[in-house]
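Morning, everyone. I'll walk you through one structure today. Have a look at it first, then we'll go piece by piece.

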Amino acid sequence: MKVALITGITGQDGSYLAELLLEKGYMVHGVKRRASSFNTQRIDHLYVDQHEDHVNFKLHYGDLTDSTNIIRIIQEVQPDEIYNLGAMSHVKVSFDSPEYVANVDGIGTLRILEAVRILGLEKKTRIYQASTSELYGGMEENKNSKGMYDENSPFYPRSPYGAAKIYGYWITKNYREAYNMFACNGILFNHESPRRGETFSTRKITRAAAKIALGLQQTLYLGNLDSQRDWGHAKDYVKAMWLILQQEKAEDYVIATGQTTKIRDFIEMAFAEVGLYIGWQGEGVNELGVLSKIDKDRFNNAVSLAKQSQNKNDNTDLSVGDVLIRIDARYFRPTEVDILIGDPSKAKTQLGWEPQYNLEAMVEEMVHSDIALFTKDMILKRLGYLIPREEE
Ligand code: NDP
Ligand code: GDR
């Protein structure tokens, strides 16, 4: 039985990766942070009573800022593979807490590598480092001949997050070269899912599309609508992480779709999923996203369960001309990454990696998952049950 250790197991990617490794028969260990409220919602379904005979999933309290517990956990677990996914991963928030991000996302990577070395596990333990397309910074002149970023494109990080992750990238490469360790960077472009954190752009948008359709929210406030991202599905991307560690030789790989989409186009797709069509008026901070058409069939179809459960004919007062999206300058970043588009040729050829999802399928899944989530809340509320997270 192979043994894996995942830092960041409570996050989006950690939860999908844990599922994948359990399916493959691994013993999965995860590092979770102590928090004053539950932070394991994404992995609760994987929990096994530690008193049972065949325990294949175990959590350890730990933090990437604390080398003593990193060393202790790795010593106890003796992992064949470590996936270092733990990070303060929000680019905008990294401008508010730059030193903390440097410590967790940058030095945290060093702590993992050094722990493996101190414990003499260099030959046994393979290490995956969660590197990111934020390293490229969206510099036009650094794209390859196909107009994309690949494994040879120069880096130019544009945030404290990007700057911390570039240290993680290079220290991983350095430990591979200096100590002959099997340590690899996956340079992953944006990947999303119904489990995406609620304050990242895609999930904020799919949640708002669902809530507005259900009559639970009026307006969605966003920042820069013109940046472009190469969006894939987290489920596809964790498969690439695993493949990277199964190769004969340790190398770095770009994982991306090769397509890029503006934030405003993602908004249009998400709202169209609930039958609401958005038109744009005005410019800059005064730009508005206005409801230009309602497709009643699509709308009714999307919110049908909520409507039945409320015993109402119609539970929204939406009409054409309503302003659904406004700009709030607070969400602009001091420096922005304007465009990201990755060239996954190496991963496709060498790893045999092929994503299953396209953007349309992912948007559909995310919007409908959020509708189901809020419908459940509405039903519980109607039955008089107070939803715990609203009590807190
Ligand atoms: P999430 O933000 O969903 O998850 C981050 C995880 O790291 C959480 O489990 C979080 O714990 C944990 N964490 C945060 N701070 C610490 C700390 N000090 N010590 C230990 N663990 C910590 O991120 P994703 O799942 O989306 O991303 C996984 C990794 O991949 C991250 O490193 C991210 O930077 C990187 N990445 C992500 C991309 C994406 O598009 N999703 C693209 C490229 C790279 P808690 O739940 O307690 O907050
Ligand atoms: P990103 O993702 O910064 O690419 O980092 P995010 O979804 O936060 O931003 C994408 C783009 O959307 C614009 N934007 C907004 N973003 C947020 N979060 N909230 C808003 O209200 C909003 N309005 C507009 C942003 O300005 C940006 O241009 C993600 C993270 O998962 C990183 O950890 C990872 O490394 C990179 O993807 C690849």
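Let's begin with a pair of residues. V290 has V323, in strand 15, as its bridge partner. That pair belongs to a wider match: strand 14, residues 288–294, runs antiparallel to strand 15, with 3 bridges between them. Keep in mind that this is a predicted model.

Now stay with strand 15, residues 323–327. Strand 8, residues 220–222, is joined to it by 3 bridges, and these two run parallel. Here, L220 sits opposite I325 of strand 15.

Next, the cores. In soluble globular proteins, nonpolar side chains tend to be buried together. The largest nonpolar core in this model has 65 residues. Which of them touch the most other members? They are I6, L17, Y83, I127, A183, M241 and I255. Apart from that core lies another, of 29 residues. L220 is among its members, along with I278, A306 and V363.

Take Y83 from the largest core. Leaving out neighbours within four places in sequence, Y83 is in contact with A4, I6, L17, Y128 and M241.

Last stop: ligand 2. There are 22 residues around it, and S89, T132, S201, G223 and S227 come nearest. Two elements give two or more residues to this shell: helix 3 (91–94) and helix 6 (201–213). Helix 6 gives the most, with 3 residues. By type, the shell has 6 nonpolar, 10 polar and 6 charged residues.

So where does ligand 2 lie with respect to domain 1 and domain 2? Domain 1 (3–188) and domain 2 (201–224 + 263–337 + 361–391) both give residues to its shell, so ligand 2 lies between them.

How values were computed. Residues are numbered from 1 along each chain as its sequence is written. Chains are lettered from A and ligands numbered from 1 in the order in which they are written. This is a predicted model: local features need pLDDT of at least 70, side-chain atom pairs count only at pLDDT 80 or more; totals for chains, interfaces and linings use all residues. A residue is near a molecule or strand if its C-beta atom, placed from the backbone, lies within 6 Å of it. Helices (H or I, at least four residues) and strands (E, at least two) are DSSP runs, numbered from the N terminus. Ala, Val, Leu, Ile, Met, Phe, Trp, Tyr, Cys and Pro count as nonpolar, Asp, Glu, Lys and Arg as charged, and the others, Gly among them, as polar. Domain bounds come from an automatic or database domain assignment. A nonpolar core is a set of buried Ala, Val, Leu, Ile, Met, Phe, Trp, Tyr and Cys residues joined through C-beta atoms within 7 Å. A residue is buried if 20 or more other C-beta atoms lie within 10 Å of its own, exposed if 12 or fewer, and partly exposed in between; C-beta atoms are placed from the backbone. Two residues are in contact if their C-beta atoms, placed from the backbone, lie within 7 Å. Two strands pair if DSSP finds at least two bridges between them.
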